[in-house]
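This report concerns the helices of one protein chain and the packing of two of them.

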Amino acid sequence: MNNFTEHQRFFGGSFAALIASLLLLSACATGPASPEGSLEAREKLTALQNDSELAGHARSEIREAEQAVQLAEKPLPASDGTLASHRVYMADHKVEIARAKATTRLAEAQRATLDEQRGDARLRARTREADKAHADAARARSSEAEMKKRLDDLEAKPTERGMVVTLGDVLFDTGSSDLRDSAGKNLDKLASFLGQYPDHRLLIEGHTDNVGSSDYNQRLSLMRAESVKQYLTGKGIRSQRLSVSGMGMQNPIAANSTAAGRQQNRRVEIVIEPPPYVSSTTTRM
Amino acid sequence: MHRIFKPLLIAPMATSVIIAAIFATLVGCASAPEPPTASLAKAASTIDDAERAGARQYAGADLDEAKARFAQAEGALESEKMTEAGQFAEQAGVAADLAMARTEAAKASEINRQLHQDADALDTEMKRKGDQR
């Protein structure tokens with residue numbers, strides 16, 4: 001300002017410039033009211049700001065929208081209608097952008113919870129599956145142990161044909177296919193085993209020593225095998241599960257030259273077949 | 001120029017201050033006469049981004065709006081109405097921003113819906129499996 005006092009003679013020129021500047025300023029001067037549409041933008045912004053769920057998720061966008069709305073609210077002369085509506089347009093859009101971004105971020109925040117829920121569901125599913133597998137294994141183990149115990153009880157011996165229960169000669173009267181009462185106890189165990197394992201089958205084979213004709217021994221071995229089958233069907237075992245065959249004197253397990261050997265050879269062998277069945281189920285003669 | 005301000009040249013400080021004031025006022029009030037290249041480029045690239053993000057599907061109306069404003073900006077540019085062109089370019093840009101924001105919001109909501117369904121389905125499935133035992 002010192003310049004003006006020092007250069008008084010040029011004050012006139014400066015003053016003219018000042019007037020010009022003021023005139024120009026007045027062109028920008030204020031009109032009476034906020035432009036049309038700015039009120040709606042303000043209302044939308046206020047609604048968003050008051051939305052406790054959304055507002056926190058778009059703070060900077062809301063700030064930007066606030067500035068845009070404030071600019072849009074600035075009164076402009078009627079001649080600046082284009083600028084006014086431009087500012088309103090910008091303000092309105094910035095509010096909507098803030099709302100959309102807040103919606104996105106809210107969804108993302110909720111997603112973490114959803115992921116957790118889904119993870120929980122997965123976990124529950126896996127736990128259930130694991131429990132089931134565990135229980136299945138335990139059941140399998142116990143049933144395996146159980147079966148082994150029952151087979152031991154039956155005095156079943158492992159052979160290449162499977163577990164074999166041998167009923168000795170003493171269970172039959174000499175030359176007879178009738179079962180002695182003492183056989184009942186062992187066969188009852190067999191019947192109970194078949195009751196517990198309904199998918200197992202039996203192959204019942206009669207064997208004899210070499211005393212007598214081959215035909216006689218064949219018949220006798222078959223009849224003894226049939227006796228066993230009849231006893232078991234009498235205990236409720238379906239006959240389809242029981243195959244019988246008479247092997248006669250074909251398969252001795254001991255020498256027929258001694259009485260003890262011959263006694264060993266007179267026997268009924270019962271092969272226990274677990275499913276799936278490998279050996280033939282047809283009745284051999 | 002020289003002729004107009006010739007009497008003021010003798011007082012360079014004073015005049016420069018005043019001239020600066022006048023120019024500042026002019027700039028504050030009037031619009032730049034250059035074409036709104038930056039605004040147009042920004043609007044165009046945002047429209048492209050929005051389309052790539054799937055705005056056609058999720059925010060079709062906003063995408064159309066942005067394109068319409070962009071066309072208006074180009075029209076104004078051709079008629080050398082730079083102020084208008086600048087405003088339309090800015091409007092196109094902000095409309096494209098909105099198309100983009102709404103597309104993202106729609107996608108986010110869709111993902112959440114899907115997650116909800118997945119979790120529910122998994123639970124239902126497991127419940128069913130559990131009941132079978």
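The text below treats the chain as a whole and then one helix pair.

This is a predicted model, in which local features need pLDDT of at least 70, side-chain atom pairs count only at pLDDT 80 or more, and totals for chains, interfaces and linings use all residues. Residues are numbered from 1 along each chain as its sequence is written, chains are lettered from A and ligands numbered from 1 in the order in which they are written, and side-chain values use heavy atoms, with hydrogens and water left out.

Chain B holds 6 helices and 0 strands, where helices (H or I, at least four residues) and strands (E, at least two) are DSSP runs numbered from the N terminus. Its pattern along the sequence is α-α-α-α-α-α.

| Property of chain B | Value |
|---|---|
| Buried residues (under 20% relative accessible area, 1.4 Å probe, protein chains only) | 35% of the 133 residues |
| Contacts with a separation of 6 or more that join residues 24 or more positions apart (contact: heavy atoms within 4.5 Å) | 68% |
| Exposed area (Shrake-Rupley method, 1.4 Å probe) | about 7,900 Å², 58% of it from carbon and sulfur atoms |

In chain B, the axes of helix α3 (residues 37–53) and helix α5 (residues 60–78) come within 11 Å and cross at roughly 155 degrees; axes are lines fitted to C-alpha atoms, for helices over the stretch in contact, and angles run from 0 to 180 degrees between N-to-C directions. The pair α3(B) and α5(B) is therefore roughly antiparallel, a term for angles over 145 degrees.

From α3(B), Leu40(B), Ala43(B), Ala44(B), Ile47(B), Ala50(B) and Glu51(B) meet Leu63(B), Ala66(B), Lys67(B), Phe70(B), Ala73(B) and Leu77(B) of α5(B).

Conventions:
Angles under 35 degrees count as roughly parallel, over 145 as roughly antiparallel, 65 to 115 as roughly perpendicular and the rest as oblique. Buried means under 20% relative accessible area, exposed over 50%, partly exposed in between (1.4 Å probe, protein chains only).
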